[in-house]
Structure formats: C-alpha cells, structure tokens
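This report walks through a few parts of one protein model, one topic at a time. Please keep the structure open beside the text and look up each part as it is named.

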Amino acid sequence: MATLSLAAGALVGCASNNTGGGPLGEAPLSPSNAPQAASEVGAGQYKVALILPLSAGGNVGIAAESMKNAGELALTEFSATDIQLLVKDDGGRPQTARMVATQAMEEGAHIILGPLFAQTVQAAGAAARPRNIPVIGFSTDASVAARGVYLLSFLPETDVVRVLSYTFSAGKRSYAGIVPENAYGSVVEAAFREEVARRGGRVVALERYSKTTLQNAIGAVAQASRGADAIFVPEGGDLAPAIAQGLVNAGVNTRRVQLLGTGLWDDPRIFADAALQGGLYAVPDPAGYANFAQRYQARYGAEPVRTASLVYDAAALVSALVRTHGGQPITNEMLTNPSGFAGIDGIFRFKPDGTNERGLVVMQVATGGGQIVSQAPRSFAAS
C-alpha cells in the first residue's frame with residue numbers, strides 16, 4: 001500500500017449544508033457582479049488553477065469564497081510543497097470558465113481545480129482536453145464527468161450504493177421507493193434500481209411525484225409496501241417528514257419496513273421528526289469535517305461552507321502527488337490509482353469515467369442527530 005503521507009489532515013494513498021449532492025439545479029443561480037481580478041496563493045513553481053464563481057451573487061459567491069479559503073488553508077498546511085494556486089473567477093458562466101481555464105494554462109497551470117457548476121466544468125474540460133491537462137471539478141452532475149475531467153464532489157449515487165450495501169447485508173431484499181419528479185430524483189432512481197438489481201433484490205414499487213401528486217404517490221407506495229423490506233425516500237427536510245408521516249398514516253409500520261434516505265437526510269428537521277426515527281442514510285464520516293471546520297474557523301473567523309472540504313482535499317491531493325512524483329505532470333493514471341486516497345471526508349478514488357467512489361458511514365436517524373451504525377471502510381476492495 002503506497003502512502004503519500006504529509007501531515008495531519010493530509011491525503012494519504014490508500015494503495016447542500018448536507019452532503020447528499022442536492023437537487024441537480026446546477027445552472028448559475030443569479031447574475032454575476034464584475035469579475036474578480038485573478039490572484040495567486042503561494043509562490044511555488046508547480047502552478048495549479050483554481051476556478052470558482054467568486055463574483056456570483058448570493059449564496060453562490062459566498063460558497064465560492066469559502067472554497068477559495070479552503071484551498072489557501074491546504075497550501076498553508078502543506079507549505080513544504082512547491083505549489084502556487086492561480087485563482088480565477090468564472091462568475092458561474094461557461095464562456096468565462098473556458099476563457100479563464102485557457103488563461104491559466106497559458107500561465108503554466110498543470111492541472112485545473114474547479115469549476116463548480118456542471119456547465120462550467122464542461123467548458124473548462126473542453127479547453128483543457130486538447131492540452132491533456134486534467135480537471136478536478138466540483139459539480140454533482142455525473143453526466144459531465146469523463147476521462148480527464150474528474151469530479152471530487154458528493155455524488156448522490158454513492159449515497160444510494162452505500163446504504164443499500166448495508167441493508168442487503170442485513171438481509172433486506174424487497175424495496176419500494178417514492179422519488180421526486182426532478183433531476184435529482186432521476187439520478188437516485190437510476191442508482192437505486194441498478195444497485196438493487198445488481199445485488200439480486202427486487203423493486204416491488206416505485207412512484208415519482210410532484211407536489212400535486214404527492215399524496216397519490218404515498219398511497220400507492222404504502223399499499224405496495226406490504227411486500228417490501230424497505231422504502232427509499234430520497235427527499236430533504238422540506239418534504240421527507242411529510243412523506244414519512246403520510247406513509248405511517250396510510251398504514252406502513254416503520255418498525256417493520258425500514259426507511260432509507262440519502263445524504264439529504266443529514267438535516268436537523270429530519271432528526272426532529274418522529275416518523276423518521278430509525279431511518280438510515282449514508283454520508284462521509286462527520287469527524288474529519290469537524291476537525292477541518294475547527295482549523296478553518298481558527299484561521300478565518302467563520303464556519304466554512306460544507307463543500308469547502310472538496311477544495312481542501314483537491315489541493316491536498318495535488319500537493320501530495322507533486323511531492324511524491326517530484327513535480328512531474330499529474331497524469332490520468334496517477335489520479336485513477338485504484339487504491340485511492342484519504343482526505344477530510346474519508347477515502348475516495350476517481351473512476352476512469354471521471355466519477356468517484358467514497359467510503360461513507362451509514363447513519364441512523366435519532367433525536368439528537370445521526371448515529372453511526374456502520375463505519376466507513378478504511379480502504380477500497382481490490383478492483
């Protein structure tokens with residue numbers, strides 16, 4: 001097992017305020033202000049572009065600033081690495097993302113971290129591909145991943161695979177689902193059906209719903225769930241409590257039928273709901289992020305956004321690879337090492353198709369918050 005050991009919190013080779021990926025509404029949410037001027041962090045010789053929507057309005061711009069800080073923190077904690085971050089603002093616009101990616105490569109960038117949105121990741125990837133420059137983006141839309149364009153984000157598909165691995169190990173074979181009629185619902189439904197089939201289980205019922213059809217969907221699933229061991233409810237704190245209570249009111253015994261969610265369940269509104277108590281969902285181990293957040297707050301005087309750890313891990317990964325390989329260009333083969341890496345949010349590895357796998361914990365909903373019922377793996381099984 002090769003190691004890229006650097007320091008506490010470093011990456012080592014392992015030979016939404018939630019982490020569930022959220023609804024995949026990834027187009028920029030508001031007009032941008034005037035673009036921020038490019039800046040540099042660090043004075044190393046190995047140049048790394050960091051592209052974020054720093055001038056975007058509202059929460060997008062706030063998140064981008066927090067993510068930039070996380071990249072700076074990583075370089076501070078790995079000060080021995082010969083890295084310089086070239087920070088570029090794309091404003092959340094694809095055309096600008098392509099332009100600043102090109103500028104960064106002309107300035108000598110060997111790899112691109114970011115952008116944040118699906119369309120901007122696609123644009124930066126299109127600029128980088130002819131030059132064989134890898135991109136590590138932060139979009140949750142797996143459709144933009146490809147060889148050379150890797151996503152270090154919390155993909156909702158990984159939540160589904162992990163929680164089902166746990167329930168199948170507990171002997172559950174028959175599943176029902178009630179899934180929102182949106183892009184996020186389509187992604188998690190596909191992952192749900194595929195994983196249940198791969199493990200030899202069966203989906204006895206699955207209903208899609210909009211706000212106007214929710215009650216009918218609840219009734220149909222409740223009736224069909226007499227033959228189910230578990231019901232999949234991939235919804236956040238706005239609607240999951242109402243769905244769970246609707247199922248109970250329709251006669252579902254949640255002590256017999258296990259409720260399942262995604263990382264969207266990592267929400268105080270879920271923990272406070274009596275009908276969801278005992279439900280299961282998968283997320284990164286919260287201990288690593290808590291340690292990172294404490295260090296971030298000590299430096300910047302504020303809490304990081306949840307996705308800030310992604311930039312920290314990306315910058316730390318590049319630092320580790322540069323140090324280990326003596327400043328050689330980072331290749332697709334380095335990034336897709338099947339043994340993976342370990343970061344703030346646990347172990348992860350990039351797949352050849354650009355998506356990722358993560359080692360997640362399985363949590364159980366309880367009044368005081370999620371309780372771990374299955375620890376995250378410490379290494380990946382052999383491919």
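Which residue just after H10 takes a positive phi? The residue is Gly-326, whose phi is about 65°, in a model that is predicted.

## Helix H10

Helix H10 covers residues 308-324, and its 17 residues reach 25 Å from the first C-alpha to the last, which is close to the 24 Å expected at 1.5 Å a residue. The helix is mostly covered, since 15 of its 17 residues are buried. As a general point, an α-helix has 3.6 residues a turn, so residues three or four places apart point the same way.

## Strand E4 and its partners

Strand E4, residues 83-89, is largely enclosed by the rest of the structure, because seven of its seven residues are buried. Its residues point in two directions: Ile-83, Leu-85, Val-87 and Asp-89 point one way, while Gln-84, Leu-86 and Lys-88 point the other way, and all of them are buried.

Two strands pair with E4, and they do so in opposite senses, as the next two pairings show. Strand E2, residues 39-41, pairs with E4 in the antiparallel sense over three bridges, and in this pairing Ser-39 stands opposite Val-87. Strand E3, residues 46-52, runs parallel to E4 and is joined to it by seven bridges, with Ala-49 standing opposite Leu-86.

## The nonpolar cores

The largest nonpolar core has 46 residues, and those with the most contacts inside it are Leu-113 and Phe-138. At least two residues of this core come from each of E3, helix H1 (58-77), E4, strand E5 (111-113), helix H9 (286-300), H10, helix H11 (332-335) and strand E14 (346-350). The largest share, eleven residues, is supplied by H10.

What is Leu-113 in contact with, leaving aside its neighbours within four places in sequence? Its contacts include Val-48, Ala-49, Leu-50 and Ile-51, together with Leu-85, Ile-136 and Phe-138, and also Ala-314, Ala-315 and Val-318. Apart from the largest core lies another one, of 29 residues, among them Val-257, Leu-259, Trp-265 and Met-363.

## How the helices pack

Two packed helices are described by the angle between their axes and the distance between the axes. For H9 and H10 the angle is about 90° and the axes are 11 Å apart, and these two helices are therefore roughly perpendicular to each other. On the H9 side the contact is made by Tyr-289, Phe-292 and Arg-295, and on the H10 side by Ala-308, Ser-309 and Tyr-312.

H9 also packs with H1, where the axes come within 11 Å and cross at roughly 95°, which makes H1 roughly perpendicular to H9. Here H1 contributes Ser-66, Asn-69, Ala-70, Glu-72, Leu-73, Thr-76 and Glu-77 to the contact, while H9 contributes Phe-292, Arg-295, Tyr-296, Arg-299 and Tyr-300.

## A residue in a loop

Is Thr-367, which lies in the loop between strand E16 (361-364) and strand E17 (371-374), buried or exposed? Thr-367 is exposed, because its relative accessible area is 65% and residues count as exposed when this value is over 50%.

Leaving aside its neighbours within four places in sequence, Thr-367 is in contact with Phe-271 and Gln-277. Although Thr-367 and Gln-277 are 90 residues apart along the chain, their C-alpha atoms are separated by 7.3 Å.

How values were computed:
Residues numbered from 1 in each chain as written. Predicted model: local features only at pLDDT ≥ 70, side-chain atom pairs only at ≥ 80, totals over all residues. Heavy atoms only, no water. Helix = DSSP H or I, 4+ residues; strand = E, 2+ residues; numbered from the N terminus. Expected span 1.5 Å × (residues − 1). Buried < 20%, exposed > 50% of the residue type's maximum accessible area, 1.4 Å probe, protein only. Pairing = 2+ DSSP bridges. Contact = heavy atoms within 4.5 Å. Core = buried A, V, L, I, M, F, W, Y, C linked by side-chain atoms within 4.5 Å. Axes fitted to C-alpha atoms, helices over the stretch in contact; angles between N-to-C directions. Parallel < 35°, antiparallel > 145°, perpendicular 65-115°, else oblique.
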